[in-house]
Protein chains: 2
Amino acid sequence: MAALEPLLMRVGGTRRRVRRGEYLFHAGAPFHALHGIRAGSFKSVLLTEDGREQVTGFHMAGEVLGLDSVGSEACGGDAIALEDSEVVEIPFEELDALASREPALQRELFKLLAGEIQRERTLMLLLGSMRAEERLAAFLLNLSKRLAARGWSATQFLLRMTREEIGSLLGLKLETVSRILSRFQAEGLIAVRNREITILELCALKAVIGRVDSRREIGA
Amino acid sequence: MAALEPLLMRVGGTRRRVRRGEYLFHAGAPFHALHGIRAGSFKSVLLTEDGREQVTGFHMAGEVLGLDSVGSEACGGDAIALEDSEVVEIPFEELDALASREPALQRELFKLLAGEIQRERTLMLLLGSMRAEERLAAFLLNLSKRLAARGWSATQFLLRMTREEIGSLLGLKLETVSRILSRFQAEGLIAVRNREITILELCALKAVIGRVDSRREIGA
DNA sequence: CGGCAGATTGACCCTCATCAATCAAGGTGG
DNA sequence: CCACCTTGATTGATGAGGGTCAATCTGCCG
């Protein structure tokens with residue numbers, strides 16, 4: 001989520017290329033740097049002792065990865081490239097030291113962390129209180145907004161992740177994701193062709209969040 | 001979650017009493033302080049523009065409230081006392097300034113924030129991938145662990161919140177919470193009497209997390 | 001061309017939400 | 001002190017939403 005702010009760039013050092021499917025870092029690896037995404041996209045994955053695995057977020061160019069590990073010794077989860085990507089490593093030691101001398105940077109770091117908390121909180125709310133349809137709508141709208149904020153089209157874009165990964169993030173099975181995308185298409189809200197999404201009725205899509213049931217309403 | 005660390009106490013100033021049902025702070029109110037809980041307990045509540053409401057956490061003596069608002073202008077949610085309680089206000093302005101001069105404090109603040117992210121992440125995993133039974137088990141075990149960490153009994157305690165509030169946190173309806181507590185009792189895992197919980201079979205309760213189905217297994 | 005990962009769609013069934021009745025506990029006022 | 005009311009909890013009946021299993025389809029890459 002968090003944007004790659006100018007202040008952070010001051011510290012930003014070495015670049016690194018990561019190819020589709022490769023790990024940027026592993027859970028448990030020593031934490032030593034934040035990563036600003038210059039190009040491409042990633043997923044964050046968490047896995048529990050009992051073998052459960054869950055996607056905790058998707059991240060695109062302009063966002064910062066690794067915030068959840070600040071203050072820890074080790075990385076809290078895996079980060080995996082969804083396509084060929086490039087990042088800048090921002091050594092946390094440096095950043096930490098610089099932040100001590102530079103209140104503005106310190107405040108910015110707090111803001112980034114708070115943003116991360118905010119992001120997870122939104123997801124909690126989604127997982128705790130929304131139905132499948134609403135989750136998908138919220139997901140698409142969120143993607144749309146973030147892409148637009150980086151200068152891309154808000155209404156037409158490519159999903160960099162599989163239906164299964166989307167499902168994992170949203171607490172749904174891949175079949176459910178697929179079905180609901182089809183339903184949205186049948187309702188004329190979006191057009192789906194493989195991973196290409198076109199939002200046709202933005203307002204109607206927003207209205208999905210909160211509606212009780214799509215089919216037995218007044219209509220038809 | 002986060003413990004009330006010694007360093008924070010240096011800054012801690014004025015005390016404040018909050019009675020059961022009263023707000024410690026409101027969503028949207030200007031954020032100016034963290035709150036260390038000295039006695040009692042609270043719930044954090046979030047409500048969305050479309051009127052949804054969700055409990056995002058329960059907090060007990062020794063934990064810090066308001067971390068999610070660090071770096072923001074305004075409080076991100078409501079905090080409401082579950083019983084008569086007492087807190088110490090830790091003015092964030094002071095804390096922030098002091099952190100600049102004191103690397104150890106800065107690092108501690110980062111740790112607290114990271115802990116908050118960790119806490120929410122655990123909840124995300126729970127909401128995204130666990131069934132109702134597992135959620136309840138995880139909830140009880142989490143409470144047990146936190147109480148034990150503060151010197152209370154790990155096996156016998158009082159729930160300070162209603163079934164509905166538990167359900168809200170776990171993404172379940174209050175009836176489901178009630179039913180599953182009854183089921184746990186019938187299975188001999190716990191004893192329930194109103195809000196008093198006694199954990200009878202800790203290992204078995206842990207084993208609930210991960211088991212596929214309780215009733216149509218081999219047995220009977 | 002074949003093989004494979006990912007996506008779609010259908011049929012069935014389980015978990016949990018919903019609606020509703022009953023019960024227990026606690027507080028209040030007479 | 002007891003009757004009354006309110007709030008919270010328990011339990012049952014029923015059904016919908018979404019999970020599971022499985023077949024088929026599509027696009028892509030070797």
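This is a tour of a predicted model with chains A and B, moving from the symmetry to the interface, the salt bridges, the cores and two local stops. Because the model is predicted, local features need pLDDT of at least 70 and side-chain atom pairs count only at pLDDT 80 or more, whereas totals for chains, interfaces and linings use all residues. Residues are numbered from 1 along each chain as its sequence is written, chains are lettered from A in the order in which they are written, and side-chain values use heavy atoms, with hydrogens and water left out.

**The two copies**

Begin by colouring the chains separately. Chain B is superposed on chain A by a rotation of 180 degrees with 0.0 Å of shift along its axis, at an RMSD of 0.0 Å, the fit being by least squares on the C-alpha atoms of residues with pLDDT of at least 70 in both copies. The two copies are thus related as by a two-fold rotation axis. To find that axis, select Ser100(B), whose C-alpha is the one in chain B nearest the axis, 2.4 Å from it. Both copies use the same surface, since 100% of the contact residues of chain B recur in chain A, contact meaning heavy atoms within 4.5 Å.

**The interface**

Next select the residues of each chain that touch the other: 37 come from chain B and 37 from chain A. About 3,800 Å² is buried between the chains, 59% of it given by carbon and sulfur atoms; buried area here is the accessible area, with a 1.4 Å probe, that two parts lose on being put together, summed over both. On the chain B side, show Phe110(B), Arg121(B) and Met124(B), which supply 20% of the area that chain B buries against chain A, more than any other three residues.

Arg121(B) also makes a salt bridge with Asp68(A), with the closest N and O atoms 2.7 Å apart; the rule asks for a side-chain nitrogen of Lys or Arg within 4 Å of a carboxyl oxygen of Asp or Glu. Ten salt bridges are found across this interface. Now display β5, α2 (92-101) and α3 of chain B, each of which supplies at least two residues of the side that touches chain A. Helices (H or I, at least four residues) and strands (E, at least two) are DSSP runs, numbered from the N terminus. The element that gives the most to this side is α3(B), with 18 residues.

**Salt bridges to select**

The whole structure holds 38 salt bridges over all chains. For one within a chain, select Arg15(A) and Glu86(A), whose closest N and O atoms are 3.3 Å apart. This pair links distant parts of the chain, from strand β1 (residues 15-18) to strand β8 (residues 85-91), 71 residues apart. Arg15(A) is exposed, with a relative accessible area of 55%, whereas Glu86(A), at 13%, counts as buried; the cut-offs are under 20% for buried and over 50% for exposed, with partly exposed in between (1.4 Å probe, protein chains only).

Then move to Glu134(A) and Arg52(B), a salt bridge with closest N and O atoms 2.9 Å apart. The pair crosses between chains, from helix α4 of chain A to the loop between β4 (41-47) and β5 (53-60) of chain B. Glu134(A) is buried at 3% relative accessible area, and Arg52(B) is buried at 14%.

For a pair within one helix, select Arg119(B) and Glu116(B), which form a salt bridge at 3.1 Å between the closest N and O atoms. They lie three residues apart in α3 (residues 103-129) of chain B, about one turn of the helix, and both are buried.

**The nonpolar cores**

Select Phe139 and Phe184 in both chains: of the 74 residues in the largest nonpolar core, these four touch the most other members. Such a core is a set of buried Ala, Val, Leu, Ile, Met, Phe, Trp, Tyr and Cys residues joined through side-chain atoms within 4.5 Å. A second, separate core of 56 residues includes Ala99(A), Leu112(A), Phe31(B) and Leu95(B).

**Two local stops**

In helix α5 (residues 163-170) of chain A, Glu165(A), Ile166(A), Gly167(A), Leu169(A) and Leu170(A) are buried. Just after this helix, Gly171(A) takes a positive phi of about 70 degrees.

Finish at Cys203(A), in helix α7 (residues 202-208) of chain A, which is exposed with a relative accessible area of 63%.
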